[in-house]
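Dear colleague,

I am passing on a structure that you have not worked with before, and my notes follow directly below it. Please read them with the model open beside you.

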Amino acid sequence: PEDTALDVYGFGGVVEQLESEVATLLGKDAAVFFITGTMAQQATLRIHADRRARTGIVFHPACHLDVREERAYERLHGLVGITCGPAFEPLTSEQLATVADPVAALVVELPQRDLGGTLPTWEELVAQVEWAEDRGAAAHLDGARLWEAMPFYEESAGATIDDVASLFDTVYVSFYKGLGGIAGCCVAGDAETIGELRLWRVRHGGRAYGL
């Protein structure tokens, strides 16, 4: 509409309204809008790594970060990808138990797109996050298609979207994948992390005028 309040470099207007709505929906302190998920997740993992003075990030071999983003996490941020489990089977907590490297963050994709949209059970999901916590690592959710995963957790475990999000330190969600909405995404988490992400958005060239 013509009377829509626009943002200025990502501050104010509909961008802040969207961020507030996403943070509330996911039960997090705050959220920040990014124009791409590639930018958003790299920045998020960099923050988790810097805080722990570690470089290792653990993910499934079919992780989007590894197979579709030219390993930008490595080339731009010096992070080390640690793949876990067979390429054509879902990640499990038993497989995670075999990881011996120091870990900054665990990345869990819900659902796993390249495995036909498979999902771990609620109990298995909790176990994977607990593994990260026990290792002093952050748990990050690649929830680009989290919207499509929710009917499974609602029916099988009575879990709401904020129940799922509460397991993780940071949650990334897309607006065009599954939803068919606008290009771009949000990352939700604690206020300090989201504040740092706003700095990394600038550093990545994502502070466009009129987001």
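In this predicted model, Val8 lies in the segment that comes before helix H1 (13-26), and with a relative accessible area of 45% it counts as partly exposed. Together with Tyr9, Phe11 and Tyr209, Val8 forms a nonpolar patch on the surface, and the accessible area of these residues taken together is about 440 Å².

Helix H1 also takes part in the salt bridges, of which the structure holds six. In one of them Glu19 is paired with Arg198, with the closest N and O atoms 3.0 Å apart. Because Glu19 lies in helix H1 and Arg198 in helix H9 (residues 191-203), this pair ties together parts that are 179 residues apart in sequence. The two partners differ in how they are covered, since Glu19 is buried, with a relative accessible area of 4%, whereas Arg198 is partly exposed, at 21%.

Another salt bridge joins Arg68 to Asp114, where the closest N and O atoms are 2.8 Å apart. Arg68 sits in the loop between helix H3 (64-67) and helix H4 (72-77), while Asp114 belongs to the loop between E4 and H6, so that this pair ties together parts 46 residues apart in sequence. Asp114 also meets the side chain of Arg113 in a salt bridge, at 3.9 Å from N to O, and through shared partners Arg68, Arg113 and Asp114 are joined into one network. Each member of this network is partly exposed, with relative accessibility of 40% for Arg68, 37% for Arg113 and 36% for Asp114.

Turning to the strands, you will find an open sheet of seven, in the order E1-E7-E6-E5-E4-E2-E3 and with mixed pairing. Which strands stand at the edges of the sheet? They are E1 (30-34) and E3 (80-83), and because each has a single partner strand, one side of each is left without a neighbour in the sheet. From one strand to the next, the twist averages 20 degrees.

Within this sheet, strand E2 (residues 56-59) pairs with strand E4 (residues 105-109) in the parallel sense over two bridges, and Val58 stands opposite Leu106 in E4. Helix H6 (residues 122-134) lies across E2, E4 and strand E5 (138-142), and runs at about 160 degrees to E4.

With best wishes

Note on methods. Residues are numbered from 1 along each chain as its sequence is written. This is a predicted model: local features need pLDDT of at least 70, side-chain atom pairs count only at pLDDT 80 or more; totals for chains, interfaces and linings use all residues. Side-chain values use heavy atoms; hydrogens and water are left out. Two strands pair if DSSP finds at least two bridges between them. Helices (H or I, at least four residues) and strands (E, at least two) are DSSP runs, numbered from the N terminus. Axes are lines fitted to C-alpha atoms, for helices over the stretch in contact, and angles run from 0 to 180 degrees between N-to-C directions. Contact means heavy atoms within 4.5 Å. Patches are made of residues with over 30% relative accessible area and no salt bridge: like charges are joined within 9 Å, nonpolar side chains (Val, Leu, Ile, Met, Phe, Trp, Tyr) within 5 Å. Accessible areas come from the Shrake-Rupley method with a 1.4 Å probe; for residues, only the protein chains shown count as cover. A salt bridge is a side-chain nitrogen of Lys or Arg within 4 Å of a carboxyl oxygen of Asp or Glu. Buried means under 20% relative accessible area, exposed over 50%, partly exposed in between (1.4 Å probe, protein chains only).
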